[in-house]
Amino acid sequence: MKKHILLYMLLAVFSSVKAHELSGVIISEDNNKPLQGVGVYNKTTGAYTYTNVSGYFELDDISVNDIIYFYQLGYENQELVIVEKHLDSEVNIILEISSASLDQVLIVSKVNVLSNFVNVDLKTSPVKSSQEILRKIPGLIIGQHAGGGKAEQIFLRGFDIDHGTDIAIDVDGMPVNMVSHAHGQGYADMHFIIPETINNIDFAKGAYYADKGNFNTAGYVDINTKKTINNNIVSVEAGQFNTLRALSMLKIVDEDKSKAYIASELMLSDGVFESPQNFNRINVMGRYNFNNYEDQEFNMAISHFQSKWDASGQIPVRAVENGLIGRFGAIDDTEGGNTSRSNFWIKHNKQLDEHSTIKSSAYLSKYDFELFSNFTFFLEDPVNGDQIHQKEDRTIIGAKTTYEHSFHLEDHDAQLKYELGVGFRYDDVNDVQLSRTLNRQTILERLAFGNIDELNGFAFANLTYKKNKWTFNPGLRLDYFNFDYENLLTTTYENKSENKVLVSPKLNIIYAASPKLQWFAKTGLGYHSNDARVVTANNGKKVLPTAYGTDLGVIMKPMNRLVINAALWSLFLQQEFVYVGDAGIVEPSGKTKRYGFDFGLRYQLADWLFFNTDVNYTYARSSEDPSGQNYIPLAPDLTSSGNISFRDLSNFSGGLSYRYIKDRPANEDSSIVAEGYFITDLNVNYQYKNWTFGLIVENLFDSEWNETQFATESRLFNEPDAVEEIHFTPGSPFFLRGKISVRF
């Protein structure tokens with residue numbers, strides 16, 4: 001009996017201990033407006049939260065002498081030591097604007113904290129072209145093989161991702177990847193993005209995130225454009241190879257709660273090739289933001305992009321070595337194409353109360369694509385040549401709504417947040433075709449011609465439980481797909497349809513030992529969909545090949561301005577069918593396995609000097625082929641990239657960057673090898689008042705390199721037999737451009 005009385009007394013004492021909280025509003029010094037997304041971190045307990053649309057925050061389990069950090073990139077960190085008067089009270093915090101710095105980012109129990117450090121790279125060394133956007137992602141290498149017109153070829157974690165099969169790319173919540181595309185599954189053309197409009201990049205590797213769906217196997221990239229601009233800007237850039245680029249970003253609404261700007265870009269170039277590329281691209285985007293700084297924010301954008309180009313194509317090594325053509329020559333210079341994309345999207349965030357938010361978004365995109373290529377020259381048709389024509393006319397409609405709610409457990413000793421989301425994407429693709437053509441004019445034969453309708457409906461749930469220094473983040477995603485293909489080549493009506501449902505569990509575990517050290521373990525299932533023509537042709541087999549992934553890693557800050565990250569990872573893919581858009585055939589491929597190690601280092605040597613480097617190693621093999629015959633063509637095993645940049649050094653700024661990719665197998669037995677390269681780029685800027693004068697140099701040391709390479713069987717006009725060897729697109733030689741811009 002005495003024991004029970006003692007127990008009741010202890011429970012009464014502990015239950016009478018009240019957990020205290022700290023709340024308040026954080027505003028910016030420049031306009032006295034609330035700041036959204038500011039981190040609030042309790043160094044003593046490890047608890048953290050972020051401000052909502054009204055700049056409001058609540059942080060629980062506060063005690064006297066706790067140290068609270070307030071931080072956001074682009075603002076000076078602030079520190080508050082809790083005293084008695086702060087308990088259960090509100091504070092107003094004013095953050096002062098400051099240049100981006102590594103010490104402005106803390107390592108907390110956030111699942112994708114590495115993105116914050118990469119955005120320091122972005123702020124200190126902004127991208128200068130649409131090609132450079134993806135180069136900011138650690139471990140990601142890109143290459144262009146149509147002179148700037150086609151989407152880039154992407155390499156990440158031992159994948160030749162081609163144009164986007166295994167990486168999910170979004171811009172402001174709108175997908176970039178194209179399903180069942182005329183040229184290749186997952187085709188991700190990012191040239192409609194104006195580089196200067198980019199505000200930040202959210203990325204992560206692996207398939208561990210419930211809100212990410214199709215193509216999220218090797219990773220995802222979310223690009224967010226600027227909601228508002230502080231100054232108008234006009235810029236002109238000119239350089240070698242008849243290259244001209246003009247840019248403008250102009251404010252058109254600048255009111256207290258409503259702001260809007262319009263950005264435009266024009267790009268012209270003949271390219272480095274002997275046959276002029278005649279490249280032109282135009283981008284226009286209008287962006288509107290409404291924020292009442294109380295409980296809601298609304299964003300809207302409308303944009304249009306169009307591009308046209310000629311290309312010299314991929315050329316065989318033997319043609320160059322025999323002196324038939326030069327490195328920048330062509331076997332068939334009638335290649336090329338044109339494409340356009342018009343987008344409209346809206347996003348609305350509604351703060352229901354201090355703990356609940358609804359986020360909604362929707363988009364509409366109209367896309368046209370036409371491409372002429374010749375990879376095999378005279379292999380199939382010795383008379384007319386092997387030129388192919390790929391074309392499609394697409395409309396994309398999509399929407400997503402997410403409900404978030406957070407609350408506290410165990411007398412405010414633990415935090416729990418759940419996120420529920422639903423959405424859909426519908427692609428209506430008309431007259432998608434593959435044809436043999438002559439000189440872009442005459443259709444010799446149609447190999448594939450039809451209409452595709454593809455629907456992806458999805459729902460997901462995310463749960464984040466945080467107690468002390470531990471964070472557990474389980475998630476579950478449900479996807480429904482409907483594939484419909486109408487074959488227009490048959491004399492009678494032929495329409496096939498298939499359905500598939502997939503459930504993908506995820507789990508992230510984070511241990512934040514301190515504000516300077518985070519350990520993480522991540523695992524989950526992801527997938528990429530197959531082309532609708534594959535799905536229907538194979539009666540629904542292997543519709544959504546599954547990827548099984550795991551990451552174990554660490555992020556640490558030994559010093560305030562030094563960040564080191566490392567991870568061991570694995571990724572296994574199921575057997576799948578691959579639609580080869582260049583041939584109109586279905587190619588089965590077996591199971592694959594990949595193991596790797598990622599290492600990154602970011603160091604701010606001084607207020608004005610930054611350095612970063614990333615090194616990535618991968619072992620990639622087929623799981624079903626014998627040793628020596630199991631190489632995955634073009635899968636890189638060692639890549640590295642880095643940059644040293646400076647700013648505000650006697651009005652000078654700039655940087656020197658490099659990218660490296662090692663020699664890699666181009667076929668299954670590695671008898672054909674794609675050569676690696678090491679390329680260095682330079683940019684220097686001088687600012688005088690509101691004017692900026694700059695120089696941009698690509699391939700500073702004029703290295704001879706092959707930007708993209710493929711093991712291809714081809715036959716030249718007067719050759720008796722076909723030859724399989726490396727076919728390549730030469731990388732740019734020394735390429736100098738000058739730039740003048742003015743802000744007002």
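A salt bridge here means a side-chain nitrogen of Lys or Arg within 4 Å of a carboxyl oxygen of Asp or Glu. Keep that in mind for these close-ups of a predicted model.

**View 1. Seven residues share a network of salt bridges: Glu196, Glu237, Arg245, Glu265, Arg281, Glu698 and Arg737.** They're part of a bigger story, as the structure holds 37 salt bridges.

**View 2. Lys205 pairs up with Asp598 in a salt bridge.** The closest N and O atoms sit 3.3 Å apart. Look at where the partners come from: Lys205 belongs to strand β13 (residues 198-205) and Asp598 to strand β33 (residues 592-606), so this pair links distant parts of the chain, 393 residues apart. Both Lys205 and Asp598 are buried.

**View 3. Arg327 and Glu704 join two loops through a salt bridge.** Their N-to-O distance is 3.8 Å. Arg327 is in the loop between α3 (317-321) and β21 (335-353), while Glu704 is in the loop between β40 (691-698) and β41 (706-714), so the pair ties together parts 377 residues apart in sequence. Arg327 has a relative accessible area of 17%, so it counts as buried. Glu704, at 66% relative accessibility, counts as exposed.

**View 4. Arg533 makes a salt bridge with Asp531.** Here the closest N and O atoms are 2.7 Å apart. Arg533 and Asp531 are both buried.

**View 5. A negative patch on the surface is built from Glu380, Glu624, Asp625, Glu668, Asp669, Glu713 and Glu724.** Pick out Glu724, which you'll find in strand β42 (residues 723-730). Its relative accessibility is 48%, so Glu724 counts as partly exposed.

Technical notes
Residues are numbered from 1 along each chain as its sequence is written. This is a predicted model: local features need pLDDT of at least 70, side-chain atom pairs count only at pLDDT 80 or more; totals for chains, interfaces and linings use all residues. Side-chain values use heavy atoms; hydrogens and water are left out. Patches are made of residues with over 30% relative accessible area and no salt bridge: like charges are joined within 9 Å, nonpolar side chains (Val, Leu, Ile, Met, Phe, Trp, Tyr) within 5 Å. Accessible areas come from the Shrake-Rupley method with a 1.4 Å probe; for residues, only the protein chains shown count as cover. Lys and Arg count as positive and Asp and Glu as negative; His and the chain ends are not counted. The place of a charge is taken as NZ of Lys, CZ of Arg, CG of Asp or CD of Glu. Helices (H or I, at least four residues) and strands (E, at least two) are DSSP runs, numbered from the N terminus. Buried means under 20% relative accessible area, exposed over 50%, partly exposed in between (1.4 Å probe, protein chains only).
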